[in-house]
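Biologist: I'm new to this one and would like to learn how to read it. Could you walk me through it, one feature at a time?

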Amino acid sequence: MFEEYLEDAYDFYLIGVEYYEDDNERKARQYFRASTFYTAGAIEGFVNYITDIFKTNGSFKRYEIAFLLDTCIQFDSSKFKLKKINEFHKIEDKVKFMMKKFNVNYDFKTEISWSRFCKFKKLRNMLVHPNDINEDIKIAEFKKDIEFGLSSIIEIMDILTYKIFDKHLRQRILDFKLV
Amino acid sequence: MEWKMDNLIITKSLKPPIKILRSIEKFISICEPYEINNNGTLFLYFDKRSKAYYITCKILGNTLIKNVDLNASIDGDEEDIIYKLNRDIYQDAPAFTLMKEDALNGRSFEDLVIEFDLNYNKKKPLKVYGGQHRIKAIEEACSKDISELHGVRIYFNLTRDQKVEIATVNNTTIAVPNDLLDRMREQQLGTNLRDWCQKVELLSNHQDFSDRKEPILPTVRIARTLIINYYKGLSAKDDDFHQPIVSKSGGRDDEYEDIRKIIKWDDKNFVEMGKNFARLHKIQRERVLNRKLEKNAEYARKALSLTVVASWGFASGLFQRNDTYLKCLYKLPDSVNDPNDPLNAKALSKARHKGVDPDRYRGLGTRTNAEELGRMLEVFIIYATKARNKVINEKLANAAIKSYAAKKYSYKAQKEIEDI
């Protein structure tokens, strides 16, 4: 699924750019929003895909799987047993966890892809939880944030893929990078 | 050693120029042919096609190596590399390895095609046009003081065009298929493998292995692959990182030949394995060819793809210790009804590792690298041990790919820890 989302994000971005260049800001924003949602969905899908691969082979502990799958294991004192409850965790925390888990040599303080990813995450949050202030995002900045966001997410995915599977993402996906 | 013109027989029809005779004289003095050293005679021959004069004789290995030049070229310009006449030595080719062994065991090689040419690189006047691998093998034997007589054909005073023509003819080979070489090698080892394949009905009575890839009959390589992996599976531990392999082709397969020494060809379980594999192949083929849609030849032959053979064989060996899993594996041909094929070749072709497998990836069971072999084995393992719905489908195939990826990572991580 994450591959299709990346492709969708890229395609919507391109359409948005056409409208942007035609000075049709309304339509440009429409497609840029779509591109943002699919980009955000792609990294979620990727994390879930990796979790799915490793959840049954003993590489992850039970509480680690719970964390990645947005659950939490709690002790139910009334029934005297463990139970799973929903607990949403930030995608950036999941990505950080994976980087650590798979011993990726990645400095969150200095890597430019991480700072761009975090900035993109803020953009995504603003779109998912809209208020009037959000409409002040300039269209040019919106475009740039998507470019950096999509590219940084692909880069992060590629770093993890290479570390885990000894292979890069397939070329077609890498070609979706915009910067 | 005396050189007499009498020792060179020139028939009346031939009228060689004096320069040819002078070249022959120099050749004799430098290379000391066995015939001349033992009061024999040489004949002068004429190749009508090339219009070139030549002799044939025997030379000792040491003498040959001392005078031979493997980098013969058309114009005698050592820097003119595009005109080097010979192909490169393929050090890793199985046939070359066998050649070297033969040379060490005293093999006399024949028909080494050479020109005696003092016009360039005078210290090495024997310019090789055909037989450079044999000469390399001779060279290695000579380095271990094994110097045998070898048959040479020596040309003299060739023109540029003659050099090209002779070099071309001597570097043109009609390639013997590796599967045929395997069959010949297997015949040398004995009839057990063929007899066993006939017994389990992979071959019909009095039928031999195929000498090339084909839809019905297995090659020797396929049969060996099945057996090697059965034994590998048999000796593997449950928590090992399992890696099937494919038998070598075109030369010796030491791993197979070692296993062959310990095979009990009449062993009940071993025979049962063979029969079940033959049945899988038969039903796979029948289902695909008898249906109206998707009668794909590759789908029909899927059971004979080396990846499937290797991984199925491995699984069968692995499951010998668990009757439930083994029965499940053997019942694969019955897992689906007409017109569906038990291996679900179409589903296997669609499976892929998301994000990683390239666009041109053709699905499970098409390649024979370690990753594909491991993935295909995982299909059979998940099918037999975990799948609730005992059918190979795209979901199971994708799950197998993921499962293999996880196992491979864990194995890699474990190895890194062990190396600390």
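Biologist: How many residues does each chain bring to the contact between chain B and chain A?

Modeller: Contact here means heavy atoms within 4.5 Å. By that rule, chain B puts in 16 residues and chain A 22 residues. Before going on, keep in mind that this is a predicted model, where local features need pLDDT of at least 70, side-chain atom pairs count only at pLDDT 80 or more, and totals for chains, interfaces and linings use all residues. Residues are numbered from 1 along each chain as its sequence is written, chains are lettered from A and ligands numbered from 1 in the order in which they are written, and side-chain values use heavy atoms, with hydrogens and water left out.

Biologist: What area is buried between the two chains?

Modeller: Buried area is the accessible area (1.4 Å probe) that two parts lose on being put together, summed over both. Here that comes to about 1,600 Å², with carbon and sulfur atoms giving 52%. Look at B:Lys354, B:Lys402 and B:Tyr409: they supply 37% of what chain B buries against chain A, more than any other three residues.

Biologist: I see lysines there. How many salt bridges cross the interface?

Modeller: Side chains of opposite charge can pair when their charged atoms come close. The rule asks for a side-chain nitrogen of Lys or Arg within 4 Å of a carboxyl oxygen of Asp or Glu. It finds four across the interface of chain B and chain A. One to look up is B:Lys402 with A:Asp52, at 2.5 Å from N to O.

Biologist: And which elements of chain B touch chain A?

Modeller: Helices (H or I, at least four residues) and strands (E, at least two) are DSSP runs, numbered from the N terminus. On chain B's side, α16 (370-385) and α17 (394-419) are the elements that give two or more residues. The most come from α17(B), with seven residues.

Biologist: What kinds of residues are on that side of chain B?

Modeller: For sorting, Ala, Val, Leu, Ile, Met, Phe, Trp, Tyr, Cys and Pro count as nonpolar, Asp, Glu, Lys and Arg as charged, and the others, Gly among them, as polar. That gives five nonpolar, three polar and eight charged.

Biologist: Let's turn to the sheet in chain B. In what order do its strands lie?

Modeller: Strands of a sheet pair through backbone hydrogen bonds, either parallel or antiparallel. Two strands count as paired if DSSP finds at least two bridges between them. In chain B, six strands form an open sheet in the order β3-β4-β8-β6-β7-β5, with mixed pairing. At the edges sit β3 (45-47) and β5 (68-69) of chain B, each paired on one side only.

Biologist: Where can I see both directions?

Modeller: For parallel, take β6 (residues 112-116) and β8 (residues 149-156) of chain B, joined by five bridges; B:Leu112 has B:Val152 as its partner in β8(B). For antiparallel, seven bridges join β4(B) to β8(B), and B:Tyr54 stands opposite B:Tyr155. On the other pairing, β3(B) and β4(B) run antiparallel through three bridges, with B:Tyr45 opposite B:Tyr54.

Biologist: Which strands does helix α6 of chain B lie across?

Modeller: Axes are lines fitted to C-alpha atoms, for helices over the stretch in contact, and angles run from 0 to 180 degrees between N-to-C directions. Helix α6 (residues 160-170) of chain B lies across β4, β6, β7 and β8 of chain B, at about 50 degrees to β7(B).

Biologist: What is chain A built from?

Modeller: Chain A has seven helices and two strands, in the order α-α-α-β-β-α-α-α-α from the N terminus. Its strands β1 (residues 71-76) and β2 (residues 81-86) run antiparallel, joined by six bridges. They make a hairpin with four residues between them, and A:Phe80 in the turn has a positive phi of about 60 degrees.

Biologist: Which residue does A:Lys119 pair with in a salt bridge?

Modeller: The partner is A:Asp145, with the closest N and O atoms 3.3 Å apart. A:Lys119 lies in helix α5 (residues 112-128) of chain A and A:Asp145 in helix α6 (residues 139-165) of chain A, so the pair ties together parts that are 26 residues apart in sequence.
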